[in-house]
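Q: Could you take a close look at the largest pocket for me? I'd like to know what lines it and where it sits, plus a word on the strands around the fold.

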Amino acid sequence: MAELLSGKAVAEALTERMKTDVAALKAKGVTPTLGIIRVGEKGPDISYEKGATKRCEEVGAAVKNYVLPEDATQEALLKTIAEANADRKVHGVLLFRPLPKHIDDNAARAALNPAKDVDGITDGSMAGIYSDSGAGYPPCTAESVIRILDHYKIDPAGKRVAVLGRSTVIGKPVSLLLLKKNGTVTICHSKTQNLEETVKAADIAVVAMGRALSVGKEYFRAGQYVIDVGVNPKPNGEKGTCGDVKFDEAEPVVAGISPVPGGVGAVTNACLVRPYLSAKRGSVSRALPVRVTLGTETALRT
Ligand code: NAP
């Protein structure tokens, strides 16, 4: 039977650490604050916002909401982003995307200060991951994968790692983060040949294709660790979500596997609440004379 790589346990541990870090900042007169910019009233954005707000409240951080109507102009959005960038009391900014079609996504991303970009959407954040410069943040989902591996002491160093998917949000950044942890990373995509063979040869498989229950027992062998990033509607009109991996087939074979739901998704939400981390990275310390060192961030960045 495989070890269950529960995201809930990781999120809980992270939350406890964040409570301590936030309390330390508050003692120095800083209330870490996450700015949330939402355009329109889309259901998934609102539920994401609720989750992030709840988590912020739980750790003692604050939220500043910027809500624009669905028909807001690009100029209005850029002005709001500039306002959040300039607000010294806002330490991280979450901008919900996709944006309405009449707004240029690249212009919006470019307007956000990478130092406040908590979900790694700016080119500055992406460059930071590529160059190890420490600029910006990795996307929360990619970071969540690393946090799960760290929590369960699964060290990619020297291991063969297969990443299934090469999107900017997950596949590419997680591959670079795993490379940084000295994994030998193979990035797979829809044109990859012999996918099963590549995944089976890997010690760690990170599956992020967005193809419901498409990866079955033929991909796996004993001793592997599997992180299922997929969040898909269940096939056949069933209620709820499922991963990319056929959990029931993989679980009896592999050494460890993250479930869906209750895996990566559970950690993503906790990773969003990172404005307090800016204290170490500079934005809080630029705003106020405060500097703290945070173990979680160090683990990820060094
Ligand atoms: P995406 O942009 O659609 O990218 C999917 C990737 O998978 C692409 O690189 C694609 O290859 C590759 N792919 C698709 N079919 C394949 C196949 N048959 N064989 C090999 N590779 C294949 O999706 P995404 O945004 O990265 O999201 C991936 C999954 O993660 C989705 O289920 C999404 O809902 C989930 N997700 C989870 C969280 C979370 O918090 N847990 C957050 C965000 C997203 P090509 O590049 O060649 O097309």
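A: First, the term: on a 1 Å grid over the protein atoms alone, a pocket is an open set of points where a 1.4 Å probe fits, with protein on both sides within 12 Å along at least five of seven lines, and lining residues have an atom within 4 Å of a point. Grid points are joined across faces, edges and corners, and a volume is the space filled by probe spheres set on the points. Keep in mind that this is a predicted model: local features need pLDDT of at least 70, side-chain atom pairs count only at pLDDT 80 or more, and totals for chains, interfaces and linings use all residues. Residues are numbered from 1 along each chain as its sequence is written, and side-chain values use heavy atoms, with hydrogens and water left out.

By that recipe, the largest pocket holds about 880 Å³ of space. It has 37 lining residues, and Y48, D119, T141, V169 and T268 are the closest to its centre. The elements that each put two or more residues into this lining are α2 (43–59), β4 (92–95), α6 (140–151) and α10 (264–272); helices (H or I, at least four residues) and strands (E, at least two) are DSSP runs, numbered from the N terminus. By class, the lining has 19 nonpolar, 12 polar and six charged residues. Here Ala, Val, Leu, Ile, Met, Phe, Trp, Tyr, Cys and Pro count as nonpolar, Asp, Glu, Lys and Arg as charged, and the others, Gly among them, as polar.

So where does the largest pocket lie? It lies between domain 1 (24–138 + 268–301) and domain 2 (140–266), because both give residues to its lining; the bounds come from an automatic or database domain assignment.

Now for the strands. α2 also sits in a right-handed β-α-β unit with β2 and β3, meaning that, with the strands pointing away from the viewer, the path from the first strand over the helix to the second runs clockwise. β2 runs parallel to β3 (residues 62–68), joined by seven bridges, and pairs with β4 in the parallel sense over four; pairing takes at least two DSSP bridges. I36 has N65 as its bridge partner in β3 and L94 in β4. All seven residues of β2 (33–39) are buried, i.e. under 20% relative accessible area (1.4 Å probe, protein chains only).

Conventions:
Buried < 20%, exposed > 50% of the residue type's maximum accessible area, 1.4 Å probe, protein only.
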